[in-house]
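Reader: Please take one part of this structure and go through it closely. I would like a connected account rather than a list.

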Amino acid sequence: MRPKRINAAVNLMNTPRSVDLAITNQCNLRCTYCSHFTSAGDVGQDLPTEEWLRFFEELNRCAVMDAILQGAEPFCREDLKQLIQGIVRNRMRFNILSNGTLITDEMASFLASTYRCDGVQISIDGSTPKIHDACRGKGNFVRAMKGIKILRRHGLPVSVRVTIHKHNLKDLEDIARLLLEEVGLPSFSTNSASFMGLCRYNAEEVQLSPEDRFLAMETLLRLHRKYNSRINAEAGPLAEAETWLEMEKARQERRERMPGRGCLTGCGGPMSKLAVRADGVIVPCIQMSHIELGRINRDDLHEVWENHPELKRLRERRNIPLSDFEFCKGCDYIPYCTGNCPALAYTILGEENHPSPDACLRKFLEEGGRLPDENAK
Amino acid sequence: MPDTAKPIPNSLVVLREEFDDWAILFDSATGNAFGLNPVGVFVWKCLDGNRTIKEIVNELRENCEGVPEEAEGHLREFIQDLVEQGLAGYETQKD
């Protein structure tokens, strides 16, 4: 049986399933590769509590399921508990992305008491204070590790993100041992310092060279096997190693194409998520804070989601063949490539609807990069 | 449950209608999500504490095509599943 009236089939959710909320522009740290400061998301102001609380009611009406609280540093907000209570009241669950240095026993106790916290992600970049603090500032390793300990004591799900850069490249094995064996986390994720925000001004000091990337890929693949896939990644060297090895294998086997590849399909974010900057401006993604779609409590979220031309443009990028780009001309990897992250394409080239040069396998190889041996011990 | 029982949704559960009239029931208290087909969505919207199961079956017959004879039994099973998952309950009966 079926209802007599069926809505016209549109392959888009009615409303975003989750929202990334930059609830504050404040942070107690200035990490040298921070993607926030000096980016379009660095808006120099925070919204009053009431504005967020009013917006959460709209998120409830839109049946949004998850809010990912980030900033800058979410724990800088003195009204964080009020905001979280608003999220809970409006039938959402939440995650928090944090540097971990401001977490108190009292706050962790509160988070646990909500029964709605799906996780707190803490950034750890080294196995020792010297390595972690190289980009994050003195004393912050001890503070962040203490934050993890407090959260775990309250039974909260803690995840760790390791951002790989020049200072911790040779510490990956010890980081894995610290997090997976000593701390006993079920897993952790990795990425790498990307050409965004402050990293653009400190690229020489922090970003990986092609040879560094090779070393990181090789090490992470080995650790990934050693720890039974307890290290994961959606970006950075581990993700690149897995994707690039798959692409190279497809090329060698002369496969016609790989499903979902060959066009700008590298980002599905605009199909399921939206984001809000600290000043209340709605954007497609925190990393694409320059694309302003409207303002909370002024513009209708459902209307923005369904009809904003910029969102439509981003959603339609998946139909743009990589072969249309001069950048990709003559590349053997086109049928196996997704063009990767539009935000990174924008910060490097000023254009979202372009393959990201940073994720280009051909470019990486031309610049002296090597692919790791998939089976190396 | 007696025939006069009137099912009602758990107020913490969110109905997320997706494309093609399918939906997700999201229990914000547990984080669990359950898929609903278009008929399930129709039924969920009838759980307002004012209708008995028999009345909901009548609504189904009026608004859906191809409703089978045994629909009432299926509906009772479906609502019982919702109750067991904590997604719905019954309006308190007045004596």
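Author: The model is predicted. A good place to begin is a unit of chain A: β6(A), helix α6 (residues 172–182) and β7(A) together make a right-handed β-α-β unit. The first strand of this unit, β6(A), covers residues 158–164, and four bridges join β6(A) to β7(A), the two running parallel. Within that pairing, Thr163(A) stands opposite Asn191(A) of β7(A).

The second strand of the unit, β7(A), spans residues 188–192 and is mostly covered, with five of its five residues buried. Its side chains divide into two sets: Phe188(A), Thr190(A) and Ser192(A) point one way, while Ser189(A) and Asn191(A) point the other way. Both sets are buried, so under the cut-off used here each of these residues has under 20% relative accessible area. Asn191(A), the residue that faces Thr163(A), is thus in the set that also holds Ser189(A).

β7(A) has a further partner besides β6(A). Three bridges join β7(A) to β8(A), a strand of residues 231–233, and this pair also runs parallel. Here Ser189(A) stands opposite Asn232(A) of β8(A).

These strands belong to a wider arrangement. Ten strands of chain A form an open sheet with mixed pairing, in the order β8-β7-β6-β5-β4-β3-β2-β9-β10-β11. The edge strands are β8 and β11 of chain A, the latter at residues 294–295, and each pairs on one side only. In general, strands of a sheet pair through backbone hydrogen bonds, in either a parallel or an antiparallel way.

Following that order from β6(A) away from β7(A), the next strand is β5(A). β5(A) holds residues 117–123, and four bridges join β5(A) to β6(A) in parallel. Arg161(A) in β6(A) is the bridge partner of Ser123(A). On the other side, five bridges join β5(A) to β4(A), again in parallel, and Ile122(A) in β5(A) is the bridge partner of Ser98(A). The link between these two strands repeats the arrangement described at the start: β4(A), helix α3 (residues 105–114) and β5(A) make a right-handed β-α-β unit.

One step further along the sheet, β3(A) (residues 66–70) and β4(A) (residues 93–98) run parallel and are joined by four bridges. Ile68(A) stands opposite Asn95(A) of β4(A) in this pair. The chain passes from β3(A) through helix α2 (residues 80–89) to β4(A), in a β-α-β crossover that is right-handed.

Chain A also meets a second chain. In that interface, 28 residues of chain B are in contact with 26 residues of chain A. The area buried between the two chains is about 2,200 Å², with carbon and sulfur atoms giving 55% of that area. Of the area that chain B buries against chain A, Arg16(B), Phe19(B) and Glu65(B) supply 28%, more than any other three residues.

As for polar interactions, ten residue pairs are in polar contact across the interface, counting pairs with both residues at pLDDT 80 or more. The count of salt bridges between the chains is one: Arg17(A) pairs with Glu18(B), the closest N and O atoms being 3.1 Å apart. The side of chain B that touches chain A draws at least two residues from each of β2 (13–17), β3 (23–27), α1 (38–46), α2 (53–63) and β5 (64–65) of chain B. β2(B) gives the most to that side, with five residues.

Conventions
Residues numbered from 1 in each chain as written. Chains lettered and ligands numbered in written order. Predicted model: local features only at pLDDT ≥ 70, side-chain atom pairs only at ≥ 80, totals over all residues. Heavy atoms only, no water. Buried < 20%, exposed > 50% of the residue type's maximum accessible area, 1.4 Å probe, protein only. Pairing = 2+ DSSP bridges. Right-handed = clockwise from strand over helix to strand, strands pointing away. Contact = heavy atoms within 4.5 Å. Buried area = accessible area lost by both parts, 1.4 Å probe. Salt bridge = Lys/Arg side-chain N within 4 Å of Asp/Glu carboxyl O. Polar contact = N/O pair within 3.5 Å; in protein donor to acceptor, adjacent residues only side chain to side chain.
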